[in-house]
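Subject: Handing over the model

Hi there,

Here is the structure I promised to pass on to you. Have a look at it first, and then read on for what turned up.

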Amino acid sequence: MQSTKKFYNVVINYNYCKRCGICSWICPVKAIVEREFDIPQISDPYKCIGCLQCERMCPDFAIDVRLVD
């Protein structure tokens, strides 16, 4: 049986984000990177493996990771 890659939608609520950098630091595949002024950005949405580390570690609850059907 062939496995298919799952895709995830990572949403960052910039109204809650205080630009601490934890999400980009904790991401094992570097799907989240810091752009200028330390603002987190999704570098490549297809890189995300759905580990939810960014969502769990965000102190401001500013990140939401959802499985794309």
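A little puzzle to begin with: is Phe 61 buried or exposed? Please keep in mind while you look that this is a predicted model. Phe 61 turns out to be exposed, because its relative accessible area is 68%, and exposed here requires over 50%. The residue sits in the loop between helix 2 and strand 4. Its backbone also caught my eye, since Phe 61 is not a glycine and still has a positive phi of about 55°. Most residues other than glycine have a negative phi.

Now for the whole chain. There are two helices and four strands in the protein chain, and along the sequence they come in the pattern β-α-β-β-α-β. The radius of gyration is 12 Å, close to the 11 Å that the globule rule gives for 69 residues, so the protein chain is as compact as a globular protein of that length. Measured out along the principal axes, the C-alpha trace spans about 45 × 20 × 15 Å.

Some totals that may be handy for your setup:

- Buried residues make up 28% of the 69 in the protein chain.
- Taking contacts between residues at least 6 apart in sequence, 55% join residues at least 24 apart.
- About 5,200 Å² of the protein chain is exposed, and carbon and sulfur atoms supply 54% of that area.
- The side chains include 9 positive and 8 negative ones, and the centres of the two sets lie 4 Å apart.

Next, helix 1, which covers residues 22-26 and contains Ser 24. Ser 24 counts as buried because its relative accessible area is 10%, and the limit for buried is under 20%. What does the side chain of Ser 24 pair with? It makes a polar contact of 3.0 Å with the side chain of Glu 34. A polar atom of the Ser 24 side chain also lies 3.1 Å from the backbone oxygen of Gly 21. Beyond its neighbours within four places in sequence, Ser 24 is in contact with Lys 30, Ile 32, Val 33 and Glu 34.

Moving along to strand 3 (40-42), you will find Ile 42 there. Ile 42 is partly exposed, with a relative accessible area of 23%. Setting aside residues up to four places away in sequence, Ile 42 touches Val 10, Ile 12, Ala 31 and Ile 32. From Ile 42 to Lys 30 is 12 residues in sequence and 8.7 Å in space, C-alpha to C-alpha.

Ser 43 belongs to the loop between strand 3 and helix 2. With 38% relative accessibility, Ser 43 is partly exposed as well. Outside the four places on either side of it in sequence, Ser 43 is in contact with Lys 30, Ala 31 and Val 33. Its C-alpha atom is 17 Å from that of Cys 20, which is 23 residues away along the chain.

The loop between strand 3 and helix 2 also holds Leu 52. Leu 52 has a positive phi of about 65° without being a glycine, and at 26% relative accessibility it counts as partly exposed.

Leu 52 comes up again in strand 4, where Val 65 lies. Val 65 is in contact with Leu 52, and also with Tyr 8, Asn 9, Val 10, Cys 48, Cys 54 and Glu 55, leaving aside its neighbours within four places in sequence. Val 65 is buried, since its relative accessible area is 10%. Between Val 65 and Val 33 there are 15 Å from C-alpha to C-alpha, at 32 residues apart in sequence.

Last on my list is Pro 59, in the loop between helix 2 (53-57) and strand 4 (63-68). Pro 59 counts as partly exposed because its relative accessibility is 39%. Which residues does Pro 59 contact, apart from its neighbours within four places in sequence? They are Lys 18, Cys 20 and Ile 22. The C-alpha atoms of Pro 59 and Cys 23 are 9.8 Å apart, for two residues separated by 36 along the chain.

Happy browsing, and all the best!

Conventions
Residues are numbered from 1 along each chain as its sequence is written. This is a predicted model: local features need pLDDT of at least 70, side-chain atom pairs count only at pLDDT 80 or more; totals for chains, interfaces and linings use all residues. Side-chain values use heavy atoms; hydrogens and water are left out. Buried means under 20% relative accessible area, exposed over 50%, partly exposed in between (1.4 Å probe, protein chains only). Contact means heavy atoms within 4.5 Å. The radius of gyration is taken over C-alpha atoms; the globule rule is 2.2 Å times the number of residues to the power 0.38. Accessible areas come from the Shrake-Rupley method with a 1.4 Å probe; for residues, only the protein chains shown count as cover. Lys and Arg count as positive and Asp and Glu as negative; His and the chain ends are not counted. The place of a charge is taken as NZ of Lys, CZ of Arg, CG of Asp or CD of Glu. A polar contact is a pair of N or O atoms within 3.5 Å; within protein, one must be able to donate a hydrogen and the other to accept it, and residues adjacent in sequence count only if both atoms are side-chain atoms.
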